[in-house]
Structure formats: C-alpha cells, structure tokens
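Q: Please give me a close look at the strand pairing in this model, with partners and connections. After that, add what can be said about the aromatic rings.

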Amino acid sequence: MSKNDLNLVVSQLKPDTNMFHQAVADMAHSIEKIYDNEPSYKEGRLFERLFNHDRTIKFRVTWQDDSGDIHHNTGWRVQHNNALGAYKGGLRFHPAVKEETFQFLSYEQTFKNALTGLPMGGAKGGADFDPKGKSDKEIMRFCQAFMIELKSFIGRETDVPAGDIGVSSTEIGYMFGAYKSLTDHHQGVLTGKDPSYGGSYMRAEATGYGAAYFLRRALQADAKSVKEQKIAISGAGNVAIYLAEKLTQMGGIVVSLSDSTGTLIKNNGFTSQDIKSIKKLKFDNKGRLGDHSDYNIDAEYHDGKSPWGLCKYDIAAPSATQNEVDEAEVKAITKAGASIICEAANMPLTRKAGEAALKEKIILLPSKAVNAGGVAVSGIERTQNAMMEQWSAERVDENLQTIMEDIFDECKRHMPDQTSPDRYIHGANMAGFRKVANAILAQGIIN
Ligand code: NDP
C-alpha cells in the first residue's frame, strides 16, 4: 500500500459523523509520519488490513421481564485483530450502542492493548439493552440469554470479554454463571469477575487509578506534580470515581463529578469522605448526583449541566463517554484555565473539539494510553487464572503502576517532537501501531 493508498482510504472516511472513521483518521494522521520510512508496512497493506475488522458477530437476545412479557435486543461482538494474543475487550449494555460503536471501540482496543505490552488482541461487544430501571432478576435473565448466544464465539484462548458501561462485576457474574452452566467449564473466559471466584483484586479501581498514574507521570515530565492541581472530572461511574479517589489521595483538588442528569461542583475539592459517600450513592444505590444532600455531600449541584463551564481548573478529565466534549465545551475548558485534557473515557472529544483544543495549545493525553489500566489488570487477572493464583491488591497495584509508567515512556519514545500539544496522541498511535503491525508481518500473509 502506498501513501497514496493510505490517502485514498482517508479520503473516503466520514470522521464528523462516524466515530469509527474518526478513530481511523486519527490513526492515519499519526501513521503518515512513519509510513514512508517503513516499506514493509506499505507492502503489507497494514493500514488497509487493520481498517477491516477480523469479524463482526451479531445476534438476537430474547428475554422475559418480571411480568412475563417477552423482549428482544441486538447483541454484537466485534473481533478486530488477534495478532498479539486472544481477543480482549469489554462488553457494553447501553440503549444507544450500534455496530459502529463497537467498530470504533474494538479498533481502539487493539492499539490500547498493544501499549500495555501484554499479549492481547482487540475486540469489543455488548447490546442495545438498557439496564436502567430493570430489576436485578431481569438483568440476570438478560445476561443469561446474552451468554447463550455469545458462548460459541469466546474462550480463554480465543476471546476473553470484560465489563464496560452498564456491565459491572454483577453482570459479569451472571454471564460467568451462565457460561459455566452451558459448558461445564469453570475457566477464565471473562475478566472483571468478583475476587470470590477468580477475579483480580483492583480490577474495579484499575482504569481510574491507572489514569491517575499516567497523568502523574505526564505532569512529572513537565516538572509538575498532581499536588494542588485543580482537576475537573466528568462522569460518576467506575472510571470517574476511582480517578477522583486516586487523584485526591495524591493531593490533587478534584472540583467536579457529573452524571447523565447533572454536575456536582466543589471548588475546594471533594474530600475522601465525599468520595466515599458518592460511591454509596452511585455504586450501591444507583442514584442520581442530584440526591447528594441525602448523603451529606456538601457541594453545589447544577441540574442538566456538564462540568466544563462551571468553575476554574487546570486539567479537564472527561471520564463519562465517547464524544461527550464538543467544540463549544472546549471553549469553556479554555476559559476555565485548563492546559491539559486527560482523556479517561474512550475518545471523549469530537473531531472538531480535538482540533479546537490543539488550536488553543491544550495538551491532549489520549484515551488509548490513559485508560489502558483497566485492560492491563484484566490481563493480570488472566495470568492469575492461568497460574491458579490470587495476587494481593498491593501486588496488582504495583504491577499496574509499572505498566502505566511504561506506557507513558513508550508514548514519549515514539513522540515525533517534545513540544506540540498532540505529541502524546502521535506517540501512542505510533507505538501501538508498530507493535501490531510487526506482529502481523511476522505471522505471514494469512487471514
Ligand atoms: P459507567 O457506566 O460506570 O459510568 C459512566 C458515567 O458517565 C455515569 O456516571 C453516567 O451517568 C455518565 N454518562 C454516560 N453517558 C453520559 C452522557 N451522554 N452525558 C453525561 N454523562 C454520561 O462507565 P465507566 O466508568 O466504566 O466508563 C466510562 C468511560 O471509560 C467509557 O468511555 C468507557 O468505555 C471507558 N473505559 C472504561 C473502562 C472500565 O474499566 N470501566 C476501561 C477503559 C475505558 P449515569 O450515572 O447517570 O448513568
């Protein structure tokens, strides 16, 4: 594939309306910088091959609600590439997902997994099922029905799914139970399990804590520390809350958390006690942040607002969902005084928002590096399952810190320069692409 072929693929992309195309265009922009010097990548048509997923599995999931009514949803598993190891990536249950969502997420997952240095390919899947407002029994029946379909396509050496939005250790437990019952195998076919039956300690914390370790390293590279930095975080789920917890432990001042209904602001920073109460509200009681006063959380609530224009801060850490930040919100982020956007959610900026941030010289820390801690600990969970061991939380956390620091160093090593605000994006893309590309080339011309 010549550079012109790469340009041809890029010219057919629609990055403003299709998130998969946005992710591919972003990668192309970085790869352009190495393609001319790597004839084997061109000849192997690697960019074009990686544009096409290995396979997309689509199925119907039929389930019964508590009153006996029958419903059906659509499920998917998109297996992008397994050159580095068995497919690995989360399952998402959310009413807004479609095939394109999993095409984008699985493409990103391949390069993210490569950055961890662990032997994992990339995949992603889930269903357009909305767990909100469903009873625990309904969720269990849905998970069982989903696994009846998925079981034929996964396995501990072929494809090992985990959780994502709408899929916590509860849903993983129901799916694991169904897999075990259907196959008679108690094996590490899913990660994100509860530690009581083969899960890893620290898996729940891993993505948020890992993002904090990456951010700490990035600040250190500019002779700064987390201490006294004001950080605005969006989201109040698994990633956002554990990111807030770790940054607070490091001495950072976390000024916001948000959910799909509104934002909590605390200008002098949430305390550890506030974060504990927010966990109770969101994790245990599945409530809304608007109910904060029932949990003695002393903060201002802004109904229906995102955090970006509500206070001053140094770092924005979007941690809710993809494309949550648009151009107008980048203006608000700039006005708030931020010089760094730390992408803890997957691709949280629209393409235009990314361009606007770079124009403002805001440093972008890319999601495929920042939030790789979750899949890294999933990889560590597989290692523990294979060794029939359970490691202590401290040992897992130490491994996580090392992996996140190595990812940072790897991005830095591949950065085309030391000053441009998109240097970490190019560093992460080049490092991830090279690892996958070299593995594909080494395995010959085969599907
Ligand atoms: P959760 O479902 O636990 O939390 C998501 C949070 O974001 C919730 O508070 C939710 O609000 C809020 N939210 C979702 N959509 C919107 C929206 N459109 N506007 C405003 N708020 C919204 O998900 P996770 O924390 O697990 O995942 C967050 C992001 O991180 C996703 O991009 C995910 O793919 C990525 N990620 C997650 C990993 C993990 O290990 N969990 C690993 C790597 C990446 P509400 O509470 O009201 O539902």
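A: Two strands count as paired here if DSSP finds at least two bridges between them. The model is a predicted one. On that basis, 7 strands form an open sheet in the order S9-S8-S7-S6-S10-S11-S12, and the pairing is mixed. At the edges stand S9 (300-303) and S12 (363-365); each has a single partner strand, so one side of each is left without a neighbour in the sheet. The average turn between neighbouring strands of this sheet is 20 degrees, direction ignored.

Strand S6 is a convenient place to start. S6 covers residues 230-234, and 4 of these 5 residues are buried, so the strand is mostly covered. In the order of the sheet, S6 stands between S7 and S10. On one side, S6 runs parallel to S7 (residues 253-258), to which 3 bridges join it. One residue pairing on this side is that of Ile231 in S6 with Val254 in S7. The connection from S6 to S7 passes through helix H9 (residues 238-249), and the three elements make a right-handed β-α-β unit. On the other side, S6 is joined by 4 bridges to S10 (residues 315-318), again in parallel. There, Ala232 has Ala316 of S10 opposite.

The pairing changes sense towards the S9 edge. S8 (residues 262-265) and S9 are antiparallel and share 4 bridges. Ile265 is bridged to Glu300 in S9. Gly290 belongs to the loop that runs between helix H10 (272-284) and S9. With a relative accessibility of 23%, Gly290 counts as partly exposed, because buried would require under 20%. The C-alpha atoms of Gly290 and Ser258 are 9.6 Å apart, although 32 residues separate the two in sequence.

The aromatic rings come next. The structure contains 20 aromatic pairs. One of them joins Tyr41 and Phe433: the ring centres are 5.9 Å apart and the planes stand at 70 degrees, so the pair is edge-to-face. Because Tyr41 belongs to helix H3 (residues 39-43) and Phe433 to helix H16 (residues 423-442), this pair ties together parts that are 392 residues apart in sequence. Tyr41 and Phe433 are both buried.

H16 also takes part in a second pair, Phe408 with Tyr424; Phe408 comes from helix H15 (residues 393-414), so the parts tied together here are 16 residues apart in sequence. The rings of Phe408 and Tyr424 are tilted, with 40 degrees between the planes and 5.4 Å from centre to centre. Phe408 and Tyr424 are both buried.

Tyr41 and Phe433 are also members of one aromatic cluster, together with Phe20, Phe51, Tyr107 and Phe111.

Rings also meet charged side chains. Arg395 has its charged end over the ring of Trp391, at 3.7 Å from the ring centre. The charged end of Lys134 is placed over the ring of Phe129, and the distance to the centre is 5.2 Å.

How values were computed: Residues numbered from 1 in each chain as written. Predicted model: local features only at pLDDT ≥ 70, side-chain atom pairs only at ≥ 80, totals over all residues. Heavy atoms only, no water. Phe/Tyr/Trp six-rings, centres within 6.5 Å; stacked < 30°, edge-to-face > 60°. Helix = DSSP H or I, 4+ residues; strand = E, 2+ residues; numbered from the N terminus. Buried < 20%, exposed > 50% of the residue type's maximum accessible area, 1.4 Å probe, protein only. Lys NZ or Arg CZ within 6 Å of the ring centre and 35° of its normal. Right-handed = clockwise from strand over helix to strand, strands pointing away. Axes fitted to C-alpha atoms, helices over the stretch in contact; angles between N-to-C directions.
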